[in-house]
Amino acid sequence: MMSAGDNSPVTGAAFAALADWGTSNFRLWLVDRSGAVLAERQSGEGMGTIANPAGFSDVLEGHLQALAAPVGLPVAIAGMAGARTGWIEAPYLTAPADLRALYQGAVRAPSDHRKAFILPGVCQREPLPYDVMRGEETQLAGAVFAGKDSGLFCMPGTHSKWVLLNQGVIEQFATVMTGELFDLISKQSILRLSMAGAERSGAEHPAFVAAAKEAMEPGFSITARLFSIRASGLLSGATATDAAARLSGLLIGAEVAAMRHLVPTGGTVRIVASESLTGLYSAALAASGLSAEPLDGSALVRSGLFAAATALFANQNTDV
């Protein structure tokens, strides 16, 4: 299960360990006082694979020992390790939330080996609807750390987040279940029959672009258009790959159409996603007359964790 991006022991002066602990994956970096990465590891040991809270400490220590991390090296953690069903709950901060003070909501995890602090998520109570995030806020803190402290951020995935930042403060955000809907519809609905054996396609597929534009038309209804995917296969010879691209375009186009009212003056949305998702969302945004600025999510979460670790551990003598 374990794999190492850099499995070599630490050779420099380690300041802290930084962990991004999601539902499915775990990533760990050892950094010096400048934030430079000394060593790193990653695995599939996300929160969903750990049977009880005590298991979190065992997983963390196993990776730290593999990197010969110094005894007592402190750790800053972001993500689902702080969920109610994780290692220990790190309660949500309520928006508007200042990301420069994210570390103030950190909760110390129960560990006999070292100081380990888990950063909080962020929740929205007003304006309604209620919403929550856990993990994305640390990426956004990294953006603030890099000087990108205002604007609209789109963070695509199973549950996409659209977040409005103003001078480092999360003012409001929304979750869109686009990725999960695509998975459910393509695998469990009648439309699965139209997509069996579909090949992966990108933003350049004509069916994706056409569907994204269609979803932005006045009066569009996603539920009223989905069955056209099935009908196209029966009547026009559309392939399984065409069908999958059309479904993706309709869903992402509808997402962009619902969120574009949040775009500030200038029309640029900052996208934090994988290369493939960045391409799809950039194309959908372009179809809506908006531009996209791609950002590296892995670098952002590391920067956000480092900013928190600096605030939490800067006065400690952690060098070896």
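The second largest pocket holds about 710 Å³ of space. A pocket here is an open set of points on a 1 Å grid over the protein atoms alone, where a 1.4 Å probe fits and protein lies on both sides within 12 Å along at least five of seven lines; lining residues have an atom within 4 Å of a point. The volume is the space filled by probe spheres set on the points, with grid points joined across faces, edges and corners.

Before going on, the ground rules. This is a predicted model, where local features need pLDDT of at least 70, side-chain atom pairs count only at pLDDT 80 or more, and totals for chains, interfaces and linings use all residues. Residues are numbered from 1 along each chain as its sequence is written, and side-chain values use heavy atoms, with hydrogens and water left out.

Back to that pocket. It is lined by 27 residues, and Phe182, Arg200, Ser248, Leu277 and Leu280 are the closest to its centre. By class, 12 of the lining residues are nonpolar, 10 polar and 5 charged. For the classes, Ala, Val, Leu, Ile, Met, Phe, Trp, Tyr, Cys and Pro count as nonpolar, Asp, Glu, Lys and Arg as charged, and the others, Gly among them, as polar. Helices α3 (178-188), α8 (240-259) and α9 (275-287) each give at least two residues to this lining. Helices (H or I, at least four residues) and strands (E, at least two) are DSSP runs, numbered from the N terminus.

Now, which elements form a unit with α9? Together, β15, α9 and β16 make a right-handed β-α-β unit. Right-handed means that, with the strands pointing away from the viewer, the path from the first strand over the helix to the second runs clockwise.

In that unit, β15 (residues 268-272) and β16 (residues 291-295) pair in the parallel sense over 5 bridges, with Val272 opposite Leu295. Two strands pair if DSSP finds at least two bridges between them. β15 is also joined to β12 (residues 151-155), again parallel, by 3 bridges, and there Leu152 stands opposite Val269. Of the 5 residues in β15, 4 are buried. Buried means under 20% relative accessible area, exposed over 50%, and partly exposed in between, with a 1.4 Å probe and protein chains only.

Just past β12 comes Pro156, in the loop between β12 and β13 (160-166). Pro156 is buried, at a relative accessible area of 11%. Its C-alpha lies 8.5 Å from that of Ser274, although the two are 118 residues apart in sequence.

Next, the largest pocket, at about 1,100 Å³. Its lining has 33 residues, with Gly22, Thr23, Arg134, Glu136 and Thr158 nearest the centre. The classes are 13 nonpolar, 14 polar and 6 charged. At least two lining residues come from each of β2 (16-21), β3 (26-31), β11, α2 (136-145) and α10 (297-313).

β11 brings us to an open sheet of 3 strands, in the order β6-β10-β11, with mixed pairing. Why is one side of β6 (93-94) and of β11 (131-133) left without a neighbour? Both stand at the edges with a single partner strand each, so one side has no neighbour in the sheet. β6 and β10 (residues 122-124) pair in parallel over 2 bridges, and Thr94 stands opposite Cys123.

Last, the cysteines. Cys123 is buried at 5% relative accessible area, and Cys154 is buried at 0%. How many disulfides does the structure hold? It holds 0, counting a pair of cysteine sulfur atoms within 2.5 Å as a disulfide.
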